[in-house]
Amino acid sequence: MWGIIRQRAACKGNHASNLEQGIRAIALRTFSSSAKQMTVRDALNSALDEEMSADPKVFIMGEEVGEYQGAYKISKGLLDKYGPDRVVDTPITEAGFAGIGVGAAYYGLRPVIEFMTFNFSMQAIDHIINSAAKSNYMSAGQISVPIVFRGPNGAAAGVGAQHSQCYAAWYGAIPGLKVLAPYSSEDARGLLKAAIRDPDPVVFLENELLYGESFPISDEVLDSSFSLPIGKAKIEREGKDVTITAFSKMVGYALQAADILAKEGINAEVINLRTIRPLDRSTINSSVRKTNRLVTVEEGFPQHGVGAEICATVVEDSFEYLDAPVERIAGADVPMPYAANLERMAVPQVEDIVRAAKRACYRSH
Amino acid sequence: MAQLTRRSANLLKPFSASVSATRHLTTSDTTPITVETSLPFTGHKIEPPSRSVETTPKELLSFFRDMALMRRMEIAADSLYKAKLIRGFCHLYDGQEAVSVGMEAAITKKDCIITAYRDHCIFLGRGGTLLETFAELMGRKDGCSKGKGGSMHFYKKDSGFYGGHGIVGAQVPLGCGLAFAQKYSKDENVTFAMYGDGAANQGQLFEALNMSALWDLPAILVCENNHYGMGTAEWRAAKSPAYYKRGDYAPGLKVDGMDALAVKQACKFAKEHALKNGPIILEMDTYRYHGHSMSDPGSTYRTRDEISGIRQERDPIERIKKLILSHDLATEKELKDYEKEVRKEVDEAIAKAKECALPDSSELFTNVYKKGFGVESFGADRKELRAVLP
């Protein structure tokens, strides 16, 4: 039942406020444990709030972050609390405000720059790569850049080719950047706090369809000092037959696939990468050395993707342990179509992950 | 006859301090001298400052010393490049020295400067040393960026110099970001974001200027108009080459960039304006004797007569020299002797830089992150070369 609730929430995207309250009500009745629930949206909002409260150098800048309360309401309430000097609405000029953010970081402030989606980061990509990522190296440590670039990444629902690209692979290739991709609310809180506190430039890839999704959250996670380590993947589900790696929304799909596989006697281990760069090669390799089979899952384009890197790293470090070729599930190698049936074919579905895992286990469907 | 005294190294600008011999051509005389700039300032949406500039013998002599050093440094870099001791890119500033020294005379090291790749002299003006410059150009570990940056990536954060940028135009939003941070921190200082006539058409410049004006940032955009963006003359690149007007709603000032005193006056005026009223554009009408970079002879798109004409009529060092001589602050011979000393100083710095070692191989993997926390990085063959990032 929980899986169905989660999938419905995932499809509704940011119109989920009523649904989310409904889900919370159902969840609270369904689970007798005292686990609190928190949406990813609230997790991000609370993380921003706490980090801004703790350090006066932290400020938010982007389109509609202030008076509009955030295009996806991630920065809701922050303008009222911290004022327009620290929650800065910008014109629609990404190259300009990303550059201004990096310059402010050079001086020692800690900007959190929001891209309404990462598709628009391409307008500012020179500043992310050449002005931010490389500066500490080129200056031999004189100019460090404690900036966070955050926003929704990857496909939403029906938004078409120009608004659906996943940028994990592109940014993940750049030395000098740290690239994070949270899945759950715990991930969102812990990784955003870590990103803001980190002295290096961080690309923080959220997912629009996850914003409204609720996850159980412990008191430890709710504490304002909570953070997650950058560069450490999480084993979401332990298993012994096949390793499935995923990040962001695909973690949810991988977990659903694991449930289906379990009914067929295949015990899958699901790894939530959490960090794209630096990739937790150690956790991935240890898992593959245990299961001997690997399926990589991502939403983005397949060529030169995150899965390609994971495959290469496993072949380099754990070749003798592989009992089957590495399987890659990725977005289709086409621009994102609009029609619902074509869109469905362009993005990985749970059954794709199940099928690939079975292939890796040499089982036919 | 001017008072020439022997001075300890303390009273000299830092970059001159590398010579241990006693210095000539300095004075502590601060009797005000009023000089008229060569041309009046032209304003766009602003009342320009007066043509009368207050200076002192001390300042005039320091202008001469500093510009002579910069000139000599750039010419020496030319030779080093031809000797293949400097590799890659090398963009020389000779001819434009007055912009750097005039600006420094108007501001403090708490004000920030950011520029593009023609940055050697700006670095010197901010307090960098000759040794750091030549060592960096030759990729040695005693360079200002430990040899890892190169000609285009000089920085001196402790003196408010934020580089040194290779991507044309990127430094302007970055500079506006510095100004944003200065205002946010309530520092009462300003940022000078420098760019060329080639960069003046970049979209991101207008994006940054728009935000700076909306938010009243203490940003001064300084267009060093040397009339050529690489090989393209300004009239071929800009529909409106009146760069001081291109800010539209933002006020602008056109300045004779070959006149250090005019530059000083304009920068002083701009700083006062920016602190109260937000961004202003300064267009420095200047000229570079060299081509765009060492791979450009600089003579295919302009005539040799033009270059020698400017050298004859508008050279910034010659202008200051004339002022010094006309006010009897030094003799012709003293100035010539000084130039010989500068040559010697530069040669010594080069000799020392040549002795410097290349960076250690382990430096390949340092400074990727400020906080690497044990992450692994790889060389070309990862089975051969791996390192843990500090």
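In which sense, parallel or antiparallel, do strand 2 and strand 9 of chain B pair? Strand 2 (residues 42-44) and strand 9 of chain B pair in the antiparallel sense, over 3 bridges; two strands count as paired if DSSP finds at least two bridges between them. Before going further, some ground rules: this is a predicted model, local features need pLDDT of at least 70, side-chain atom pairs count only at pLDDT 80 or more, and totals for chains, interfaces and linings use all residues. Residues are numbered from 1 along each chain as its sequence is written, chains are lettered from A and ligands numbered from 1 in the order in which they are written, and side-chain values use heavy atoms, with hydrogens and water left out.

Back to strand 9 of chain B, which spans residues 252-256 and has 4 of its 5 residues buried. Buried here means under 20% relative accessible area, exposed means over 50%, and partly exposed is in between (1.4 Å probe, protein chains only). Strands, by the way, are DSSP runs of E with at least two residues, and helices are runs of H or I with at least four, numbered from the N terminus. On the strand 2 side, His44(B) has Gly252(B) as its bridge partner. Strand 9 of chain B also runs parallel to strand 10 (residues 280-285) of chain B, joined by 5 bridges, and there Leu253(B) is partnered with Leu282(B). Put helix 8 (residues 260-277) of chain B between strands 9 and 10, and you have a right-handed β-α-β unit: with the strands pointing away from the viewer, the path from the first strand over the helix to the second runs clockwise.

Now for the cores. A nonpolar core is a set of buried Ala, Val, Leu, Ile, Met, Phe, Trp, Tyr and Cys residues joined through side-chain atoms within 4.5 Å. The largest has 77 residues, and Phe149(A) and Phe180(B) have the most contacts inside it. Helix 5 (residues 171-184) of chain B gives the most to this core, with 8 residues. Apart from it lies another core of 74 residues, and Leu282(B), the bridge partner of Leu253(B), is among its members, as are Cys90(B), Phe154(B) and Ile324(B). As for Phe149(A), leaving aside neighbours within four places in sequence, its contacts (heavy atoms within 4.5 Å) include Phe115(A), Phe118(A), Val202(A) and Phe204(A).

How do the chains meet? 51 residues of chain A are in contact with 47 residues of chain B. Together the two chains bury about 4,000 Å², 63% of it on carbon and sulfur atoms; that area is the accessible area (1.4 Å probe) that two parts lose on being put together, summed over both. On the chain A side, Tyr107(A), Tyr137(A) and Met138(A) lose the most, together 19% of what that side buries.

Finally, a few backbone oddities. The peptide bond from Arg277(A) to Pro278(A) is cis, with omega near 0°, and Pro278(A) sits in the loop between strand 12 (275-277) and helix 12 (281-291) of chain A. Chain B has a cis bond joining Gly163(B) and Gly164(B), with omega about 20°; Gly164(B) is in the loop between helix 4 (130-137) and helix 5 of chain B. Two histidines have positive phi: His304(A), near 60°, and His227(B), near 75°. His304(A) is exposed, with a relative accessible area of 64%, whereas His227(B) is buried, at 17%.
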